[in-house]
Amino acid sequence: MSSENIPETKPDPLPSVDTLRRLAVSESGFVFDPSTGHNFTVNETGVTLLRLLQKGLRLDQLLTALAEEYDGDPREMERDVLEFAGQLREHVGA
Amino acid sequence: MAITATVAITGMNAKPDNPGPGLAVARCLREDPEFQGRIIGLSYDALDPGLYLEEYCDAAYLLPYPSAGDQALMDQLQHIQTQERVDVLIPCLDAELPGMVRLRPALEEMGLRTFLPDGEQLRLRNKDRLPELAEMAGIQCPEIKPVTQAGFFYQCQEEGWSYPLVVKGVFYDARIAHTADEAAEAFRKIAAEWGYPVLVQRLIQGEEYNLTAVGDGKGSLLGPVMMKKMAVTDKGKAWAGISIDDQALLGASESLARAIQWRGPLEVEVMRDTQGNYNLIEINPRFPAWIYLSKGVGRNLPMALLRLALGEEPGEFPDSRAGTLFIRHAQENIVPLAEFEAIVTRGERRTGAAAPTSDTRLQSPDNSQQK
């Protein structure tokens with residue numbers, strides 16, 4: 001099969017909703033994964049992001065929601081969100 | 001319903017770097033509001049800490065080492081039975097399990113009830129048979145091979161083994177070896193302490209997870225509690241851990257329990273590799289030293305085992321609380337010389353009966369002269 005026949009699909013940059021929903025997220029930013037026993041901390045913005053991700057928002061919805069709450073360059077905001085998503089994947093593994 | 005039974009528990013060797021589970025089992029019983037019985041601590045060494053902790057053990061006795069043979073053990077148990085009228089015996093050490101299982105009919109004749117697997121169930125989870133059992137249960141298991149000569153480690157790469165690997169004793173001890181010399185050294189030390197064969201196991205890189213529960217003997221696991229180690233001692237034993245709720249680990253452990261129809265307490269040790277696959281490392285035929293966490297999450301497994309041994313229903317198990325930590329600590333217990341003397345000379349400490357057989361109050365030469 002040639003590479004032309006392979007449909008171009010972008011991997012989802014966000015961790016799976018199922019994985020994120022199992023996380024216990026406290027107001028202080030302490031996050032506990034009851035499945036693996038791992039824990040980590042996030043800042044106030046991270047808590048907001050995690051709660052939105054747990055609701056199952058897609059990337060574009062997430063950026064819209066953030067734009068309503070925070071001022072900033074939308075491209076910079078997207079870059080920050082994707083970086084946060086990458087760090088989350090490292091912690092929760094999906 | 002309140003339980004007023006007298007329970008004997010082995011494994012009072014609560015040493016900091018590698019504690020036996022007995023004291024934690026006693027603590028689970030003692031702190032349960034429905035336990036109103038007596039606890040008899042059993043151990044093999046006069047310096048085992050649990051023997052002297054009166055808050056957990058109403059009385060304590062030394063047992064002869066398993067190498068002394070079945071008759072010596074039965075004689076001492078008969079003596080203890082005469083003194084204490086024990087209803088239930090909970091063995092907590094791997095090395096004593098084969099003997100206890102073999103002697104179960106005689107123990108029951110003596111009035112000592114247990115809740116143990118049979119001999120075949122016990123053998124099925126022997127370390128050298130783990131791959132066979134894992135296949136039955138449908139989970140991965142690193143290759144294990146019995147070794148009887150240290151020379152194996154200098155030729156093992158020809159058989160497809162690579163370093164680092166794990167060198168293990170049949171009952172206890174596991175050491176990671178990075179070179180043939182390290183492996184041969186580990187082999188000699190383990191063989192000297194635990195005998196032959198020594199086992200070699202392929203090393204799985206990943207994170208260790210543990211599960212403890214009571215098998216009902218009909219293929220089900222009762223009250224499973226899962227834990228991830230957060231800090232370990234130099235010997236790899238948990239110093240801190242946190243309860244988790246991992247359905248994949250639970251499913252794998254339930255498959256194992258079904259495969260062997262396990263009866264009694266057990267601990268399943270698995271390693272989750274970098275791909276997220278579970279690899280069976282060991283199944284221990286007893287409660288782990290971290291069993292007090294079961295009480296911490298609301299599932300007092302030693303109490304459930306005691307009820308089963310008494311022929312009662314094990315009780316309800318509430319949802320286990322993921323995110324509950326335990327952190328061990330070491331502290332000094334002050335022991336009057338008379339109590340140490342009682343254990344050393346008579347092999348027993350009984351409440352109100354620890355009076356010295358001689359005047360063991362030590363006096364300095366100066367004090368003696370002043371008298």
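**Exercise 1. Establish how strands E2(B) and E3(B) pair, and over how many bridges.**

Solution. Strands E2(B) and E3(B) pair in the parallel sense over four bridges, where two strands count as paired if DSSP finds at least two bridges between them. Strands here are DSSP runs of E with at least two residues, helices are runs of H or I with at least four residues, and both are numbered from the N terminus. One bridge can be followed in detail, since the partner of B:Leu42 in E3(B) is B:Tyr61. The model is a predicted one, in which local features need pLDDT of at least 70 and side-chain atom pairs count only at pLDDT 80 or more, while totals for chains, interfaces and linings use all residues. Residues are numbered from 1 along each chain as its sequence is written, chains are lettered from A and ligands numbered from 1 in the order in which they are written, and side-chain values use heavy atoms, with hydrogens and water left out.

**Exercise 2. Place these two strands in their sheet, and name the strands at its edges.**

Solution. The sheet is open and has five strands, in the order E4-E1-E2-E3-E15 of chain B, with mixed pairing. Its edge strands are E4 (88–90) and E15 (348–350) of chain B, each of which pairs on one side only. Neighbouring strands of this sheet are turned by 20 degrees against each other on average, direction ignored; axes are lines fitted to C-alpha atoms, for helices over the stretch in contact, and angles run from 0 to 180 degrees between N-to-C directions.

The pairings can then be taken in turn. E1(B) and E2(B) run parallel and are joined by four bridges, and B:Val7 has B:Ile39 as its bridge partner in E2(B). E3 (residues 59–62) and E15 of chain B, by contrast, pair in the antiparallel sense over three bridges, with B:Arg349 in E15(B) as the bridge partner of B:Ala60.

**Exercise 3. Work out which helices lie against this sheet, and whether the faces of E1(B) and E3(B) are covered or open.**

Solution. Helix H2 (residues 70–84) of chain B packs on the sheet and touches strands E1 (6–9), E2 (38–43), E3 and E15 of chain B, a contact being heavy atoms within 4.5 Å. The direction of H2 makes about 165 degrees with that of E3(B). Helix H12 (residues 337–346) of chain B lies across E3 and E15 of chain B, and runs at about 135 degrees to E15(B).

For the faces, it helps to recall that in a regular strand the side chains alternate between the two faces of the sheet. Both faces of E1(B) are covered, with B:Thr6 and B:Ala8 buried on one side and B:Val7 and B:Ile9 buried on the other; buried means under 20% relative accessible area, exposed over 50%, and partly exposed in between, with a 1.4 Å probe and protein chains only. Both faces of E3(B) are covered as well, by the burial of B:Ala59 and B:Tyr61 on one side and of B:Ala60 and B:Leu62 on the other.

**Exercise 4. Describe the open sheet that contains strand E5(B).**

Solution. Four strands of chain B form this sheet in the order E5-E8-E6-E7, and the pairing is antiparallel. E5 (144–147) and E7 (174–177) of chain B are the edge strands, each pairing on one side only, and neighbouring strands are turned by 30 degrees against each other on average, direction ignored. E5(B) pairs with E8 (residues 198–202) of chain B over four bridges, and the partner of B:Lys145 in E8(B) is B:Val200.

**Exercise 5. Compare the surroundings of B:Glu269 and B:Gly264 in strand E12 of chain B.**

Solution. B:Glu269 has its place in strand E12 (residues 263–273) of chain B. B:Glu269 is buried yet has no salt bridge, and the nearest side chain of opposite charge, B:Lys229, is 5.5 Å away. Lys and Arg count as positive and Asp and Glu as negative, while His and the chain ends are not counted; a salt bridge requires a side-chain nitrogen of Lys or Arg within 4 Å of a carboxyl oxygen of Asp or Glu.

B:Gly264 also lies in strand E12 of chain B, and counts as buried because its relative accessibility is 0%. B:Gly264 and B:Val214 are 50 residues apart in sequence, yet 5.2 Å apart in space, C-alpha to C-alpha.
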